[in-house]
Amino acid sequence: MKPKEVLAFAKENNTQMVDIKFVDFPGVWQHFSVPISELEESSFEDGYGFDGSSIRGWKAINNSDMLVVPDPTTAVMDPFMQHPTLSLIGNIVDPITREKYARDPRYISQKSVEYLKSTGIGDTCYIGPEAEFFIFDDVRFDQSAQHGFYHVDSVEGRWNSGREENPNLGYKPRHKEGYFPVPPTDSMQDMRTEMVIEMQKVGLHIECQHHEVATAGQAEIDMRFDKLVEMGDQLMWFKYVVKNVARRHNKTVTFMPKPVFDDNGSGMHTHQSIWKGGEPLFAGDKYGGMSEMGLHYIGGILKHSRAICAFSNPTTNSYRRLVPGFEAPVNLAYSCRNRSASIRIPMYSNSPKAKRLEARFPDPSCNGYLAFAAMLMAGLDGIQNRIDPGEPMEKDIYSLSPEELAHIPSTPGSLEEALDSLKEDHGFLLKGDVFTEDVIESWIEYKMEHEVKPMKLRPTPHEFELYYDI
């Protein structure tokens with residue numbers, strides 16, 4: 001929509017409020033609302049002022065005035081507000097220079113697409129994430145000087161098979177057996193369908209929904225692939241809708257990769273392809289039906305995976321999932337069909353339009369704008385430098401001997417390792433001024449100061465079990 005069309009759309013829907021949404025540095029939506037009388041055609045150029053120093057990872061307090069300029073193409077009615085509310089996603093702009101803000105994750109994703117076009121390699125990057133999540137009935141956590149704990153619970157949790165529920169009806173998925181029995185074992189079918197319906201209201205194209213592998217309400221809803229920036233927007237709507245539908249049912253959702261011990265974590269397998277002039281570029285006669293370009297793209301992803309993890313697996317909890325020998329694909333190899341490799345070439349269809357790669361190591365705690373841009377930049381580096389991905393891995397990696405595994409690189413073992421990798425390997429991200437040195441340095445500093453170092457200072461319950469009687 002254009003600005004004038006947005007105003008007409010708002011009038012048609014009897015809009016009373018306008019909600020302006022934008023994403024902070026780590027990847028959480030922020031918002032404020034104005035009465036509809038405050039939205040004019042000029043608002044789409046003038047923007048709205050706010051304090052950037054209060055947003056995580058952004059301006060210092062002595063340089064904090066910023067503008068959010070709504071993007072008219074993002075206009076939809078928010079399905080969760082009591083009063084008719086028009087929702088607009090905004091871009092962040094400096095009020096003095098009118099330049100877009102380099103730390104705005106949405107702007108970084110926009111620049112990655114512009115860089116793709118400037119290379120002449122292609123004009124469109126399609127992204128298709130499969131974000132998994134847990135639906136819980138209760139979550140409690142606390143940490144102070146002398147105690148710390150977390151507690152999550154779900155009516156589906158296998159640990160509740162002996163609980164007095166007046167009556168307890170059973171049908172609680174066993175660990176690693178939630179993929180995917182019918183109701184009543186799958187007790188959340190209707191809720192996931194409600195999530196899909198609300199997603200469709202805001203323009204998301206949904207392909208399927210289902211229970212996932214873990215007990216305790218693990219779920220997956222798959223969006224149809226879309227252009228990179230648009231998919232960044234859609235992932236934000238996805239999380240917003242899922243959380244708010246769960247809230248309607250007095251439940252809570254988390255996109256933490258590993259909230260439950262001893263069962264599968266939540267990943268975000270991310271499908272990717274490049275097109276030019278409406279034609280797919282990754283289909284060919286090489287391994288897995290890929291083109292040489294597609295294999296070089298894979299080579300770039302594999303070469304830079306450890307640095308990419310700083311954006312695609314950006315939490316300390318991410319590395320509770322990425323543990324060698326367990327279900328997550330930590331080994332940096334590629335294959336057709338083999339789900340133990342970190343890069344898979346799906347073989348569901350022979351259509352050239354369906355030819356793509358699937359990066360299996362990312363997780364849904366990421367800021368999609370940054371993670372998608374980082375993967376695209378790595379893939380482009382692979383194409384530009386003709387990076388050979390090596391031989392495909394056809395064996396089940398989980399069954400390899402230690403001697404065989406020693407020759408296969410793996411993802412970082414911690415967030416700190418990922419940040420160190422990013423510090424050493426980020427030149428590919430700086431091309432086209434997509435990521436800047438300031439963005440890289442600020443990301444590393446923010447993550448170290450707010451997540452890595454605080455986690456190091458705190459004892460965990462299991463440490464008491466291991467060490468209290470030493």
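# A tour from strand β1 to the second largest pocket

Start by selecting β1: six of its seven residues are buried, so this strand is mostly covered. The model is predicted, and residues are numbered from 1 along each chain.

**Neighbours of β1.** Keep β1 on screen and add β6. The two strands run parallel and are joined by five bridges. To find the register, select Val18, which has Leu86 of β6 opposite. Next, show β2, residues 29-35. Its pairing with β1 is antiparallel and takes in seven bridges. A pair to label here is Lys21 and His31, the latter being the bridge partner in β2. Then go to the connection: β1 and β2 make a hairpin with five residues between them. Within that turn, pick Gly27 and check its phi, which is positive at about 125°.

**Lys21 and Trp29.** Return to Lys21 and show side chains. What does Lys21 lie over? It is the face of Trp29, with 5.6 Å to the ring centre. A second case of this kind is found by selecting Lys239 and Phe255: Lys239 lies over the ring face of Phe255, 5.4 Å from the ring centre.

**The cavity.** Trp29 also leads to an enclosed space. One cavity of 30 Å³ or more is counted in the model, and the largest cavity holds about 40 Å³. To outline it, select Phe22, Val23, Trp29, Ile89, Gly90, Asp104, Arg106 and Tyr369, which line it. Which strands each supply at least two residues of this lining? They are β1 (17-23) and β6 (85-93). Colour the lining of the largest cavity by residue class, and five nonpolar, one polar and two charged residues appear.

**Aromatic rings.** Phe22, one of the residues lining the cavity, also belongs to a ring cluster. Select Phe22 with Phe50, Trp58 and Tyr101: ring pairs link these four into a cluster. Across the model the count of aromatic pairs is 22. One of them is Phe464 with Tyr468, a stacked pair with 6.3 Å from centre to centre and 20° between the planes. Is Tyr468 buried or exposed? With a relative accessible area of 67%, Tyr468 is over the 50% cut-off and therefore exposed.

**Pro70.** Now move to β4, residues 65-70, and select Pro70, which is found in this strand. Pro70 has a relative accessibility of 2%, under the 20% cut-off, so it counts as buried. Add Leu88 and draw a distance between the C-alpha atoms: Pro70 and Leu88 are 18 residues apart along the chain, yet these atoms are separated by 5.8 Å.

**The second largest pocket.** Finish at the second largest pocket, which contains about 920 Å³ of space. Its lining has 40 residues; to centre the view, select Glu130, Glu220, His269, His271 and Glu358, the closest to the pocket centre. Then show β7 (124-136), β10 (206-211), β11 (218-223) and β14 (268-276), the elements that give two or more residues to this lining. Which of the elements gives the most? It is β7, with six residues. Colouring the lining of the second largest pocket by class gives 14 nonpolar, 10 polar and 16 charged residues.

Conventions. Predicted model: local features only at pLDDT ≥ 70, side-chain atom pairs only at ≥ 80, totals over all residues. Heavy atoms only, no water. 1 Å grid on protein atoms, 1.4 Å probe; cavity = no way out; pocket = protein on both sides within 12 Å on 5 of 7 lines; lining within 4 Å. Points joined across faces, edges and corners; volume = space filled by probe spheres on them. Helix = DSSP H or I, 4+ residues; strand = E, 2+ residues; numbered from the N terminus. Nonpolar A, V, L, I, M, F, W, Y, C, P; charged D, E, K, R; others polar. Phe/Tyr/Trp six-rings, centres within 6.5 Å; stacked < 30°, edge-to-face > 60°. Buried < 20%, exposed > 50% of the residue type's maximum accessible area, 1.4 Å probe, protein only. Lys NZ or Arg CZ within 6 Å of the ring centre and 35° of its normal. Pairing = 2+ DSSP bridges.
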